[in-house]
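Student: I am new to this structure and would like a close look at one part of it. Please take me through a strand and its surroundings, and place that part within the whole.

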Amino acid sequence: MTRKFAGDRLLIATHNAGKLEEMAHLLAPHGVTVVGASELNLQEPEETEDTFVGNARIKAHAAAKATGLPALSDDSGIEIDALNGAPGVYTADWAETPDGRDFKMAMERTHRELEAINAPRPRKARFCCTLVLAWPDGHDEVFPGVMEGQVVWPMRGDQGHGYDPVFQPDGYDQTFGEMDRWEKNKISHRADAVRKFVAGCFG
């Protein structure tokens, strides 16, 4: 039996303003106010796991323990079949530079690696998102979400973030980078996970 969320204030264990805004929008109909980790000056814990659920758990439990509030975290990334699921849990790492994250560089690297092995098209891929809601007593609930699609080249669109300009979801002719962000939010991997979270913890 899934534990229900009883409060009206939920800590989102992220320092990413875009993710925070997305979650606030998705949770607004349920009367929940969200607060971000940076507002509470929380440190970002080191993500040492090699799975989405493992890293999401680290972030959620660290935030819940530090604040005494239930904390929701997500870990997400893109898995590309021809690259044996890479970059996957290391999606953000591929974008790391000494001056912050550069996803254009990461997408270019991805394209180079696919071309180097002459990967057949369509180049199947999926965005994955795992949400973990952790309580200060150590209990947690896990909600995975997925959006299937393919990676395309060249990059298209300047909406969204991360790998959105090279990801074309199944059933659509636009990339996530070309879609209106609120339209994308209705069908995305994160929306899939949030639907499961809402059904489990608010239903």
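Tutor: What follows is a look at strand β3, first in the setting of the whole protein, then with its partners and the loops around it.

The model is predicted. The protein contains six helices and eight strands. Read along the sequence, these elements come in the pattern β-α-β-α-β-α-β-β-α-β-β-β-α-α. The C-alpha trace spans about 50 × 35 × 30 Å along its principal axes. For 203 residues, a compact globule would have a radius of gyration near 17 Å, and the protein agrees with this because its own value is 17 Å.

Some totals fill in the setting. Of the 203 residues, 47% are buried. Among contacts with a separation of 6 or more, 58% are between residues 24 or more positions apart. The protein exposes about 10,000 Å², and 49% of that area is supplied by carbon and sulfur atoms. There are 22 positive and 32 negative charges, and their mean positions lie 3 Å apart.

Now to the strand itself. Strand β3 covers residues 71–80. Nine of its 10 residues are buried, so the rest of the structure largely encloses this strand. A residue counts as buried when its relative accessible area is under 20%.

Which strands pair with β3? One of its partners is strand β1, residues 9–12, which runs parallel to β3 and is joined to it by two bridges. In this pairing, Ile12 stands opposite Leu72 of β3. Another partner is strand β6, residues 123–134, which pairs with β3 in the antiparallel sense over 10 bridges. Here Ser73 has Val132 of β6 as its bridge partner. β3 is thus joined in parallel to β1 and in the antiparallel sense to β6.

From β6 the pairing can be followed further. β6 also pairs with β7, in the antiparallel sense and over 12 bridges. Cys128 stands opposite Val146 of β7. β6 and β7 form a hairpin with five residues between the strands, and in this hairpin Gly138 takes a positive phi near 100°. β7 in turn pairs with β8 in the antiparallel sense over three bridges. In that pairing, Gly149 has Pro169 in β8 as its bridge partner. Going from partner to partner, one can therefore pass from β3 to β6, from β6 to β7, and from β7 to β8.

The loop between β7 (140–151) and β8 (167–169) holds Asp164. Is Asp164 buried or exposed? Asp164 is buried, because its relative accessible area is 2%, and the cut-off for buried is under 20%. Leaving aside neighbours within four places in sequence, Asp164 is in contact with Phe127, Gln159, Thr175, Phe176, Gly177 and Lys184.

Back at β3, the loop between this strand and α3 (91–94) has two points of backbone geometry to look at. Most residues other than glycine have a negative phi, and most peptide bonds are trans. Asn84, in the loop between β3 and α3, has a positive phi of about 55° although it is not a glycine. Asn84 counts as exposed, at 77% relative accessibility. Pro87 is found in the loop between β3 and α3, and the peptide bond from Ala86 to Pro87 is cis, with omega near -5°.

Similar geometry can be described elsewhere in the chain. The peptide bond from Arg121 to Pro122 is cis, with omega near -5°. Pro122 lies in the loop between α4 (103–116) and β6. Asn41, a residue other than glycine, has a positive phi near 55°. Asn41 sits in the loop between β2 and α2 and is exposed, with a relative accessible area of 66%.

Glu44 is found in the loop between β2 (33–36) and α2 (52–67). Glu44 is exposed, with a relative accessible area of 58%. The C-alpha atoms of Glu44 and Pro154 are 33 Å apart, and these residues are separated by 110 residues along the chain.

To return to the request: β3 is a strand with nine of 10 residues buried. Two bridges join β3 to β1, and 10 bridges pair β3 with β6.

Key: Residues numbered from 1 in each chain as written. Predicted model: local features only at pLDDT ≥ 70, side-chain atom pairs only at ≥ 80, totals over all residues. Heavy atoms only, no water. Helix = DSSP H or I, 4+ residues; strand = E, 2+ residues; numbered from the N terminus. Buried < 20%, exposed > 50% of the residue type's maximum accessible area, 1.4 Å probe, protein only. Contact = heavy atoms within 4.5 Å. Rg over C-alpha atoms; globule rule 2.2 N^0.38 Å. Areas by Shrake-Rupley, 256 points an atom, 1.4 Å probe, with all protein chains shown as cover. Lys, Arg positive; Asp, Glu negative; His and termini not counted. Charge placed at Lys NZ, Arg CZ, Asp CG, Glu CD.
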